[in-house]
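Open the model in your viewer and keep the selection tool at hand. This tour goes stop by stop, with something to select at each one.

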Amino acid sequence: MEGGSKRLVVVSNRLPVALSNEGGRWVIKPGGGGLVTALAPVLKNRGGLWIGWSGAKGEVDIVDPLAEFSREAGYSLHPVYLTEEEVAGYYHGFSNEVIWPLFHDFQSRCNFNPTYWRSYLDANLKFAEVVVRFSRDSDYIWVHDYHLMHLAFMLRNMGVPRSCGFFLHIPFPPPDIFLKLPWRAKIVRSLLEYDLVGFQTGRDRSNFISCLRALLPEASISGRGNEVRVTLLGRTSRLGAFPISIDFNAFANMASSGEVAQKTKDFRDALRQRKILLGVDRLDYTKGIPQRIEAIRQLLIKFPDLRERFSFVQLAVPSREEIPEYNALKIEIERLVGEVNGQFAQPGWVPIQYLYRSLPRADLVAYYRAADIALVTPLRDGMNLVAKEYCASNVSETGVLILSEFAGAAGQLQKNGAKLVNPHDVEGVAKVIHKAFHTDIADHRRNMHRLRDSIRKADIFWWVDSFLQNAFSRHLNDFPPLEG
Ligand code: ADP
Ligand code: G6P
């Protein structure tokens, strides 16, 4: 990279790596997410950096392993250290007990504790200080997700001008929900400190605009499509919709590998060649796992012909275990699985296989490839990558995607062949599953082919490009064309 050219600085709550302590020594392993895969080449080309929390409490000595990782990756990682109190107030508290439930329409689960708010501001300031320390005036700062909505505001307050973009990975709620937030105007105003604010869907963006109109009527809003501009107190920000995606080829290639083919066969044999229904989620109340299990119960009650003909495999990754709501959900799911299995199991057949752990990527892809029907039924979701990963991995193109109408992916995928359901309507979901069992395979093939085509065209590289092209279009004279 030339010395004077712009660099990209990515900031997210978590660094894109997994940190573990092995015998007193901190070990860093690369994270496997699509975002890091797509951003890595851009960061490498621009000599960029990534700033985020390591996931540990307090100041852990990870300077050497991070430096080693940075050398290999071709871009550098800079940690933000959070104290135990900051993790409790900013991460568990404000981010995950206020913003996460509120933005997913779970207002009754919110804990509007004022100390959380102060901790959120302090932590955003701390992230901003690390950005100031490692960035230059000419860098472009791309901030990710709801943990860091105040970062650009902090930079501005510190008198450090930077071009900043923000992408919200979760939904933005409508005004009747958002207006319950005690700090609502401050959040909206702070988001307008970014030059570009990206949402997952047009609906999220229009919800934001409605909240803006209600809270800051003096703001002037103009434009349409991905060219909406908001001017407030002489500053203009742009608002766009950029549906995030996955590394399609990575999933499709892995699914076609010999290793995954063998694992797929092993899973199928272990389940005695019965039809496989699959759910894959972090264990989170937004994902609708209890409702999905109830839909399976309804399926077994209403359509006894299907008993012993399928296995429903639910993979759940442990998540945010320090928050009581998540622990309560785990207990509820275990109870429901036990109840439904107890009600319907026969010698040699248990309807629900429940796995509570993170799986190696090859196993996950083998489950995707093996599944005849994916049940992706969140109660609300920003996008839902599992829906796209399932299609990419379904190389036989015979699978069926049953998708919640409340997932951000619904708009994009319905027109290409996903079967949309209301996850609260457990009888309705059961009927759609039953219908999928009795639909001609040629129909499934047609739909899955279209779904895969649409995801292949709009993959994670396309997404990074659309955001950055939009972000940089204001500074086209400053930025070299995007590579990678
Ligand atoms: P969220 O970001 O809310 O967790 P997404 O569906 O967008 O929801 O992304 C979930 C990610 O977690 C996917 O990339 C998926 O591959 C991964 N994942 C889900 N379940 C497992 C599992 N059991 N083992 C490994 N990875 C998983
Ligand atoms: C969602 C959020 C991400 C977050 C992830 C895992 O996808 O949008 O920002 O990183 O969940 O949650 P965690 O709390 O473990 O980071």
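Is strand S6 largely enclosed by the rest of the structure or exposed, and how many of its residues are buried? Keep in mind that this is a predicted model.

**Stop 1: strand S6**

Select residues 140-144, which form S6. Five of the five residues of S6 are buried, so this strand is largely enclosed by the rest of the structure. A residue counts as buried here if 20 or more other C-beta atoms lie within 10 Å of its own. Now show the side chains. Tyr140, Trp142 and His144 point one way from S6. Ile141 and Val143 point the other way. Both sets are buried.

**Stop 2: the neighbours of S6**

Add residues 8-14, strand S1. S1 and S6 run parallel and are joined by five bridges. Find Leu8, which stands opposite Tyr140 in S6. Then find Val11, whose bridge partner in S6 is Val143.

Next, add residues 163-167, strand S7. S7 pairs with S6 over five bridges, again in the parallel sense. Look at Trp142: its bridge partner in S7 is Gly165.

**Stop 3: the whole sheet**

Zoom out. These strands belong to an open sheet of nine strands. Trace the order across it: S5-S4-S1-S6-S7-S8-S11-S10-S9. The pairing is mixed. At the edges are S5 (76-82) and S9 (220-222), each pairing on one side only. Neighbouring strands of the sheet are turned by 20° against each other on average, direction ignored.

Now select residues 34-46, helix H1. H1 packs on the sheet and touches S1 and strand S4 (49-57). The direction of H1 makes about 140° with that of S1.

**Stop 4: an exposed residue**

Select Val63, which lies in helix H2 (residues 63-73). Is Val63 buried or exposed? Val63 counts as exposed because it has 10 C-beta neighbours inside 10 Å. Add Trp26 to the selection. Val63 and Trp26 are 37 residues apart along the chain, and their C-alpha atoms are separated by 9.7 Å.

**Stop 5: two domains**

Colour the chain by domain. Domain 1 covers 8-244 + 462-472, and domain 2 covers 248-457. Their centres, taken over C-alpha atoms, are separated by 30 Å. The contact takes 17 residues from domain 1 and 15 residues from domain 2.

Which helices supply at least two residues each of the side of domain 1 that touches domain 2? H1 and helix H3 (84-103) do. H3 gives the most to this side, with three residues. By class, this side of domain 1 has five nonpolar, nine polar and three charged residues.

**Stop 6: ligand 1**

Centre on ligand 1. Among the residues surrounding it are Val280, Arg282, Leu315, Val317, Met383, Asn384 and Glu389. Strand S12 (275-282), strand S13 (310-317) and helix H14 (385-393) each supply at least two residues of this shell. H14 gives the most, with three residues. The shell around ligand 1 divides into eight nonpolar, two polar and two charged residues.

**Stop 7: ligand 2**

Which residues are around ligand 2? Select Arg14, Asp145, His169, Ile170, Ser319 and Arg320 to show them. By class, the shell around ligand 2 has one nonpolar, two polar and three charged residues.

Terms used: Residues are numbered from 1 along each chain as its sequence is written. Chains are lettered from A and ligands numbered from 1 in the order in which they are written. This is a predicted model: local features need pLDDT of at least 70, side-chain atom pairs count only at pLDDT 80 or more; totals for chains, interfaces and linings use all residues. Two strands pair if DSSP finds at least two bridges between them. Helices (H or I, at least four residues) and strands (E, at least two) are DSSP runs, numbered from the N terminus. Axes are lines fitted to C-alpha atoms, for helices over the stretch in contact, and angles run from 0 to 180 degrees between N-to-C directions. Two residues are in contact if their C-beta atoms, placed from the backbone, lie within 7 Å. A residue is near a molecule or strand if its C-beta atom, placed from the backbone, lies within 6 Å of it. Ala, Val, Leu, Ile, Met, Phe, Trp, Tyr, Cys and Pro count as nonpolar, Asp, Glu, Lys and Arg as charged, and the others, Gly among them, as polar. Domain bounds come from an automatic or database domain assignment. A residue is buried if 20 or more other C-beta atoms lie within 10 Å of its own, exposed if 12 or fewer, and partly exposed in between; C-beta atoms are placed from the backbone.
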